[in-house]
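Reader: I should like to learn how the surface features of a model are read. Please take them one at a time, with the general idea before the case.

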Amino acid sequence: MLSNLVKQHQSRQQARKDIQDKRKRDAITAATALSHVLVDHLNAGVAQAYVNQKKLDTETRILQANAAQFSKQTMQWLKLVEDFNTALKEIGDVENWAKSIETDMRTISSALEYAYSKTE
């Protein structure tokens, strides 16, 4: 009778131990699945951030190239404007020179006319 009770007790303990081991394995499996889901979710966010960073890097390079091209073009425009201003100044100098020559020629012409009129 006592041995029968001990056997029953041991079999119930073994059954409880088996149930406990099964629950432990199920909990480990569930925790592993949860950690995989969480890691996958975080990896998706990290992957998206990486893709966005790559896009930003590409856009930055394009913007730098465009800015350099714009700067070069602006420098060319400034040189053209400076050359145009120089040309305008030279035209103004030529105009002043021409007016000066014209004034001198009129003076000479007047002097020659006066001299010619005196000789007659």
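Reader: Which residues form a nonpolar patch on the surface?

Author: Patches are made of residues with over 30% relative accessible area and no salt bridge, like charges being joined within 9 Å and nonpolar side chains (Val, Leu, Ile, Met, Phe, Trp, Tyr) within 5 Å. Accessible areas come from the Shrake-Rupley method with a 1.4 Å probe, and for residues only the protein chains shown count as cover. In this structure, Val94, Trp97, Ile101, Met105, Ile108 and Leu112 form such a nonpolar patch, with about 630 Å² of accessible area together. Val94 lies in helix H1, which covers residues 2–119. Helices (H or I, at least four residues) and strands (E, at least two) are DSSP runs, numbered from the N terminus.

Reader: On what basis are such values given?

Author: This is a predicted model, in which local features need pLDDT of at least 70 and side-chain atom pairs count only at pLDDT 80 or more, while totals for chains, interfaces and linings use all residues. Residues are numbered from 1 along each chain as its sequence is written, and side-chain values use heavy atoms, with hydrogens and water left out.

Reader: How many salt bridges does the structure hold?

Author: A salt bridge is a side-chain nitrogen of Lys or Arg within 4 Å of a carboxyl oxygen of Asp or Glu. The structure holds four salt bridges. One of them joins the side chains of Asp26 and Lys22, at 3.2 Å from N to O. Asp26 and Lys22 are both in helix H1, four residues apart, or about one turn of the helix.

Reader: Is Asp26 buried, partly exposed or exposed?

Author: Buried means under 20% relative accessible area, exposed over 50%, and partly exposed in between, with a 1.4 Å probe and protein chains only. Asp26 is partly exposed, with a relative accessible area of 40%, and Lys22 is partly exposed at 46%.

Reader: Where do Lys79 and Asp83 lie with respect to one another?

Author: Lys79 and Asp83 are four residues apart in helix H1, a separation of about one helical turn. Their side chains meet in a salt bridge at 3.2 Å, N to O. Lys79 is partly exposed, with a relative accessible area of 48%, and Asp83 counts as partly exposed at 40%.

Reader: What does Lys99 form with Glu95?

Author: Lys99 forms a salt bridge with Glu95, and the closest N and O atoms are 3.6 Å apart. In helix H1, Lys99 and Glu95 are four residues apart, about one helical turn. Lys99 counts as partly exposed at 46% relative accessibility, and Glu95 is partly exposed with 43%.

Reader: What does the secondary structure of the protein come to, and what does the C-alpha trace span along its principal axes?

Author: The protein has one helix and zero strands. Its C-alpha trace spans about 175 × 10 × 10 Å along the principal axes. The radius of gyration is taken over C-alpha atoms, and the globule rule is 2.2 Å times the number of residues to the power 0.38. For a compact globule of 120 residues the value would be near 14 Å, but the protein has 51 Å.

Reader: What share of the residues is buried?

Author: Buried residues make up 0% of the 120 residues. The protein exposes about 11,200 Å², of which carbon and sulfur atoms supply 62%.
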